[in-house]
Amino acid sequence: MATKEEVLQYIKTLGEQKIVTKDELDLAFDSGSGIKTDVVLTKKLGISEILYYIGGAIVFLGIAILLAQNWSTLGFGTKVLATLGAGVAAYFVGVLFSRDERTETAGSAFYLISALVIPMGLYVIFDNAGFDASSYGSQSLISGILFGMYMLSYVVFRKNVFTLFSILFGTWLFFSLTSFMVGGGPYFDDWKFYEYRVLVAGITYMLIGYAFSKNERASLSNFLYGFGILGFLGSALALGGWEPNQNVFWELIYPGLIFGALFLSVHIKSKSFLT
Amino acid sequence: MEIIKKNITLVLGISIPILMILFVAGSIYLPGLFIKPHFNFLYASGDDSYYYYNNGYQYSVQNDKLIKNELKQPENPNYTPPRVEPKLYLYDVVKNESKEIAFADAQNLNLDSNTKSPDDFEVVYGSRGDGFFPFFWGGGTDYNARYLKGHNVSKKLNLQLNGGSYYNNFRFIGWIK
């Protein structure tokens, strides 16, 4: 058995000869030390996978319509069971299905159901507790709970689908929390504030997309680039304003931003920037 | 430190919205700690002659003093608005509360009827936001909430009103000099 010093010396030699890279060593170290690596979900979507997700969306619509049509006749218990109960059940079915590679995609469809239905369940609970569930304060709490739940799920299960839900619920939290802080106060112009927030969300999406492009979450990059650039350029255009209330700064800078986006699409080799 | 260096774009991406939240919080709460309004004001409630039959008078300021103006309301047997006695209130900007004041006492006050106070504050309506993610719209004016605004500070007013809190049921009369 070689000593630690011998092993390190050997690695140094291999490194100098460029036989092994730092990433390969990291991977070997992680697999040996028991650190979980992210589960790669980069399989191409086939017709059966698409049908899984459509099925998940139909289940959500069914529950939403059932609830909307019978809101006044259904009791609190039934409402919670139909929404939060169904959402939590779907989440655990997703966990079970994800353990087997053959049923993994069906598991993701169940995760989708849970992500769509659990917010409704929380809405029902907040509404019954006497809160105005559509207020920004309640929305901040609901989105905060969901963001925390899916971040924790990501840490435990290391699945891309949880990264996506964390980003979506994180964005909801960002918008509702900032709206809650401003409340009805005349601090900012409403539309300008909305545009600046979309601008910030767009930049964030692009940066996260770039960070993901180099690791196991690369499948999310194009989605993040696409929505990021849409939000960024869309809000920059809106901030320029329209006659007679143009903003000279944003109007002048906008062509530069367009060329910047074109340049970036070449630099990071992504067509999503051009959509 | 090594992890942050390795994931600098991710850290930057997550930091930007957090910084914006901190910036919004700072720009809302910080100025209020240092800049405070100093001038109390007088307002009337329930003297909206379009909505109330208010015994035919309305208040205004003339030569820095409060006066009562006679109003001639057209006689119309088909239109019988609710009969309400207009009330005057004095708003204390330090305590953030209003208390009713009699017309005779209010007449002794020295009033400035400009919309802006000598320290550059004014009474404005709040704004109303609406919607669920991703559709948060600025929904226009909130006629139920009024704010004291100036120098990037907004303070919600805790107004007493004579009747419901609708558009014309608050009428600013003047700043107390």
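**Exercise 1. Determine how β4(B) and β5(B) are joined, and place them in their sheet.**

Strand β4 (residues 87–92) of chain B is joined to β5(B) by five bridges, and the two strands run antiparallel; strands here are DSSP E runs of at least two residues, helices are H or I runs of at least four, and both are numbered from the N terminus. Two strands pair if DSSP finds at least two bridges between them. Within this pairing, Leu90(B) has Lys99(B) as its bridge partner in β5(B). The next step is the sheet itself, which is open, has five strands in the order β5-β4-β1-β10-β6 (chain B), and shows antiparallel pairing. Its edge strands, each of which pairs on one side only, are β5 (97–101) and β6 (111–112) of chain B.

The model is predicted, so that local features need pLDDT of at least 70 and side-chain atom pairs count only at pLDDT 80 or more, whereas totals for chains, interfaces and linings use all residues. Residues are numbered from 1 along each chain as its sequence is written, while chains are lettered from A and ligands numbered from 1 in the order in which they are written.

**Exercise 2. Describe the hairpin of β2(B) and β3(B), and set it within the chain.**

Strand β2 (residues 57–62) and strand β3 (residues 65–70) of chain B run antiparallel and are joined by six bridges. One of the residues involved is Gln58(B), whose bridge partner in β3(B) is Asn69(B). The two strands form a hairpin with two residues between them, and Asn63(B) in the turn has a positive phi of about 50°. Chain B as a whole has three helices and ten strands, running from the N terminus as α-α-β-β-β-β-β-α-β-β-β-β-β.

**Exercise 3. Work out how α8(A) packs against α9(A) and against α7(A).**

Begin with helix α8 (residues 190–212) and helix α9 (residues 221–240) of chain A, whose axes come within 7 Å and cross at roughly 155°; axes are lines fitted to C-alpha atoms, for helices over the stretch in contact, and angles run from 0 to 180 degrees between N-to-C directions. The angle makes α8(A) roughly antiparallel to α9(A), a term for angles over 145 degrees. The crossing of α8(A) and α9(A) is left-handed, meaning that the near helix is turned anticlockwise from the far one by less than a right angle, with clockwise giving right-handed.

Turn next to helix α7 (residues 160–182) of chain A, whose axis comes within 11 Å of that of α8(A) and crosses it at roughly 155°. This makes α7(A) roughly antiparallel to α8(A), and their crossing is right-handed. Among the residues that meet are Phe174(A) and Phe175(A) in α7(A), and Phe193(A) and Arg197(A) in α8(A). By class, this contact of α7(A) with α8(A) has seven nonpolar, two polar and one charged residues, where Ala, Val, Leu, Ile, Met, Phe, Trp, Tyr, Cys and Pro count as nonpolar, Asp, Glu, Lys and Arg as charged, and the others, Gly among them, as polar.

**Exercise 4. Identify which elements of chain B supply the side that touches chain A.**

The contact takes 28 residues from chain B and 27 residues from chain A, two residues being in contact if their C-beta atoms, placed from the backbone, lie within 7 Å. On the side of chain B, at least two residues each come from α2 (8–34), β7 (122–130), β8 (137–150) and β9 (153–156). Of the elements of chain B, α2(B) gives the most to this side, with twelve residues. The residues of this side divide into 15 nonpolar, nine polar and four charged.

Notes:
Parallel < 35°, antiparallel > 145°, perpendicular 65-115°, else oblique.
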